[in-house]
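Thanks, everyone. I'll keep this brief. Please have a look at the model on the screen.

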Amino acid sequence: MAKIKSLAAMPYYVVLIYMIAGLLGAGYFHTRSFLVLDVLLYAAAFSCILHSGRIMLLPVHVLLLVFTAMYWISAVWAVDLEQAVLEAAKISPLLPLSLLFATLSPEQRDRVWSAWAWCGAALTLWGLVFGLFREGRLESTLGYANSYAVIAAAAIAAGWRAYQLSGYKRYWLACVVSSGGLLLSGSRAVIILAVIGAVLYVGITGQNKKIAIMGALTAAVLLVGGIALIVWVGGAAYREIAWNAPEFTLRRIYWNDALQLWRKHWLLGVGGGGWAVLYPSVFVKYAHQQYLQVALDTGILGGLTFIAMITSSLWASLRRGHTGRSALLAIILFGIHIAFDIELAYPLIFGLFILLLTGAEADGFSARPVCISRRTGAAAALPVVCAILAFTWLTLGYNRLAGGESQMLRKDWHKAEESLLGAEKMLPWSHEAHYRLAALYSTIAQDKGDPMYMDKAVQEMHIASDMIPENRNYKAMLKQAEKQQE
């Protein structure tokens, strides 16, 4: 009996682990992190569905399936096959995560959001204790202030919601801590949207006088805090809140270049990572505009599917009437911000967004459980097992690649070569493996003065350049290596 109860509670704990591990693991941004995440989520989702014998299907699940498939299909014609595979793998955990969240009861979903309030506060304190700032802006474990700011803003909203549902004033503490972190992040767009959201929330939800005062005080604290930071640290970031601010000017260049590229490849896209290859002069991997980024990666169908996911959840919130207004507001604000930044590049934050969409549909649509027969379960087992094996293989391959890099730093040439050659065999489409081998052989040649290793380095750079001929950086490195060879 205890075993059955633990299996029934498994989806809830898997979602919690996803959140907590993501906060500590830099938002699952690093390759090995999200590949392990894929394995665990697919295994957990399939186990839970088989145990319960049913699945709660929502429109977002069908759209997520199409969305994920588009990323994998686009890898066939991608400019950079390796990066396209990694981007597809980064998108892949969203479907099992959404399926797990949809199986939760409304009370369990509320507990997840309550936990998120404390996660945001803990992330803020972690960043403060260990001084995780860059250029005066708090980044915490994320390494990117704007993405941390999104987590902090979501934690404030989750904490306020938890207070309303429970009446426990301890959630005020979580909101205050996260509000301080949001201000320290210096993220102008997120702070402005948070203030607007607080004001609109009071207006559209028809809160009582006490809550209206609390909402106004929250907005005032954010504004006063921003002014105090201007005085304290000079606040250049806050002073430059304008369309012509340098940061926005640079992003408009990204958007214009990405739009020009999309016009040439509007039907099929260039695959994940294609933007970074075709515009190597821009030292960013993403176009800083999620809608354009998706359309650029997967073509018109992928872009429309992404918009349809958001639209479906907005419709679900509208169907709930007054009770759905807060979810409606949260989705709209999130949808506005992803038009200006790259936070969905982090699987943790993309997962948060999908949980928000899934929760809105679970509350707004009358979803009926679909029973899973033994025959259906057996038929579904094959693709799931294949996915788990594929992600496990990718995890092991990239672990070997990372092992080779760390062994290079220790100057353990023999083990580094062994690891990188192993990664090359496991990941035959990986130009990075050949690039790392070239770097290894070049370093050995300089260390030992053996020209044979420089020949090997040139050979590996030739292979890497041939695998991704549009990469101008590889071509420049190859020319440099050939000069050294002479």
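**Helices, rings and cores**

Let's start with helix α9, residues 170-185. At 1.5 Å a residue, its 16 residues should span 22 Å, and the end C-alpha atoms are 23 Å apart, so the two values agree. Keep in mind that this is a predicted model.

Which residues of α9 are buried? The list is Y171, A174, C175, V177, S178, S179, G181, L182, L183 and S185. After α9 comes G186. The phi of G186 is positive, near 70°.

Now compare helix α6, residues 94-102. Nine of its nine residues are buried, so α6 is largely enclosed by the rest of the structure. By name, they are L94, L95, P96, L97, S98, L99, L100, F101 and A102.

A quick word on cysteines. How many disulfides does the structure hold? Zero. Take two cysteines as examples. C48 has a relative accessible area of 9%, so it counts as buried, the cut-off being under 20%. C371 comes out at 66%, and over 50% means exposed.

On to the aromatic rings. Searching the whole structure gives 19 aromatic pairs. One of them is F29 with Y346. Their centres are 4.7 Å apart, with 40° between the planes, and the pair is tilted. This pair links distant parts of the chain. F29 is in the loop between α2 (10-24) and α3 (31-52). Y346 is in the loop between α16 (325-337) and α17 (347-364). That puts them 317 residues apart. F29 is partly exposed, at 28% relative accessibility. Y346 is buried, at 6%.

Next pair: W255 and F340. This one is edge-to-face, at 5.9 Å centre to centre and 70° between the planes. It also links distant parts of the chain, 85 residues apart. W255 belongs to helix α13, residues 246-264. F340 lies in the loop between α16 and α17. W255 is buried, with a relative accessible area of 15%. F340 is partly exposed, at 28% relative accessibility.

Charges come into the ring story too. Back to F29: what sits over its ring? The charged end of K90, 5.1 Å from the ring centre. Likewise, the charged end of R111 sits over the ring of Y12, 4.3 Å from its centre.

There is also an aromatic cluster. It is formed by F67, Y71, Y291, F306 and F350.

That takes us to the cores. In soluble globular proteins, nonpolar side chains tend to be buried together. Here, the largest nonpolar core has 107 residues. Which residues have the most contacts inside it? They are F67, W116, F306, M309, F334, F350 and F353. Helix α3 gives the most to this core, with eleven residues.

Look at F67 in particular. Leaving out residues up to four places away in sequence, F67 touches I91, V294, G302, T305, F306, M309 and F350. Note that F306 and F350 are also in the aromatic cluster with F67.

Apart from the largest core lies another one, of 20 residues. Among its members are W255, V270, V284 and M461. So W255 turns up twice: in this core, and in the edge-to-face pair with F340.

That's my tour. Happy to rotate the model for anyone.

Conventions. Residues numbered from 1 in each chain as written. Predicted model: local features only at pLDDT ≥ 70, side-chain atom pairs only at ≥ 80, totals over all residues. Heavy atoms only, no water. Helix = DSSP H or I, 4+ residues; strand = E, 2+ residues; numbered from the N terminus. Expected span 1.5 Å × (residues − 1). Buried < 20%, exposed > 50% of the residue type's maximum accessible area, 1.4 Å probe, protein only. Disulfide = S-S within 2.5 Å. Phe/Tyr/Trp six-rings, centres within 6.5 Å; stacked < 30°, edge-to-face > 60°. Lys NZ or Arg CZ within 6 Å of the ring centre and 35° of its normal. Core = buried A, V, L, I, M, F, W, Y, C linked by side-chain atoms within 4.5 Å. Contact = heavy atoms within 4.5 Å.
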